[in-house]
Amino acid sequence: MGRTLAIGDIHGCDKALTTLLANIGLSSEDTLVVLGDMIDRGPGSREVIEQLLQLQQKVKLIALCGNHEEMLLQSLERGFPKMIWVGSGALATLDSYGGNLSDIPESHVHFFKSLSDFWQTETHIFVHANVDPQLPMTDQSIACLRWQHFSGEEHPHCSGKTVVCGHTGQPSGFPAICDGYI
């Protein structure tokens, strides 16, 4: 049985992703959970998605929808970028694709539309942002899963599983580990 590894908030940093992947030595037995926010801010959003699409052929890849992918999907539906997305790093993503929403390849659009809201094992729950600890995962709001910041004061989830989340930067640069959360 392989490892389960989680990567949060790549934010278009394709070179950092390449370096990380080279150093963790993924095997076909491994499961890689990408916790969302794969795009925006960094210069290589397109390249990040290309790497993830290639990884799908080599490992079990679980890709979750973050708030940045949500904004991209909403913009695709509208046919133009939402202003909140523009202020959150969309221009870097659009630049990496050639400047326009229409330049995003269909395979990438399909990838974005296929993203999950959460994923769980017998012992862990993986989400982009946070969970309501009192609600089962099937009753969680999208707003909580994609937008709610982690405070470190949350109660453990009612399932008893450890919640693994991204979204909220840690001043130390290291993951916060507390009762029921990573």
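Start by selecting Gly98, just after helix H4: this glycine takes a positive phi of about 105°. Keep in mind as you go that you are looking at a predicted model.

**Back along H4**

Now step back and select H4 itself, residues 83-96. The helix has 14 residues and reaches 18 Å from its first C-alpha to its last, close to the 20 Å expected at 1.5 Å a residue. Where should you look for a bend in H4? Centre on Gly89, where the helix bends by about 80°.

Next, show the side chains of Trp85, Ser88, Ala90, Ala92, Thr93, Leu94 and Ser96, which are among the buried residues of H4; Gly89, the site of the bend, is buried too. Bring H2 and H3 into view as well, since the buried residues of H4 pack against these two helices.

**A histidine in H3**

From there, pick His68, which lies in helix H3. Is this histidine buried or exposed? His68 counts as buried, because its relative accessibility is 3%, under the 20% cut-off. Display its surroundings: beyond its neighbours within four places in sequence, His68 is in contact with Trp85 and Ser88, both of which you have just seen in H4. Its other contacts of this kind are His11, Asp37, Ile39, Asp40 and Arg41.

**The sheet**

Switch to a cartoon view and find the three strands that form an open sheet, in the order E1-E2-E3 with parallel pairing. E1 (4-7) and E3 stand at the edges with a single partner strand each, so one side of each has no neighbour in the sheet. From one strand to the next, the twist averages 20°. Zoom in on E2 and E3, joined by four bridges, and you will find Val34 opposite Ala63 of E3.

**The largest nonpolar core**

Nonpolar side chains tend to be buried together in soluble globular proteins. Here the largest nonpolar core has 30 residues, and those touching the most other members are Leu32, Met38, Ile49, Leu52, Trp85, Phe111 and Phe112. At least two residues each come from H1, E2, H2, E3, H3, H4 and H5. Colour H2 (45-55) separately: this helix gives the largest share, five residues.

Which residues surround Phe111? Leaving out neighbours within four places in sequence, Phe111 is in contact with Met38, Ile49, Leu52, Leu53, Gln56, Leu61 and Ala63. That last residue is the one opposite Val34 in the sheet.

**Last stop**

Finally, select Val131, Met137, Phe150 and Tyr181: they are among the nine residues of another core, which lies apart from the largest one.

Conventions:
Residues are numbered from 1 along each chain as its sequence is written. This is a predicted model: local features need pLDDT of at least 70, side-chain atom pairs count only at pLDDT 80 or more; totals for chains, interfaces and linings use all residues. Side-chain values use heavy atoms; hydrogens and water are left out. A nonpolar core is a set of buried Ala, Val, Leu, Ile, Met, Phe, Trp, Tyr and Cys residues joined through side-chain atoms within 4.5 Å. Buried means under 20% relative accessible area, exposed over 50%, partly exposed in between (1.4 Å probe, protein chains only). Contact means heavy atoms within 4.5 Å. Two strands pair if DSSP finds at least two bridges between them. Axes are lines fitted to C-alpha atoms, for helices over the stretch in contact, and angles run from 0 to 180 degrees between N-to-C directions. The expected span of a helix is 1.5 Å times one less than its number of residues. The bend at a residue is the angle between axes fitted to the seven residues ending there and the seven starting there.
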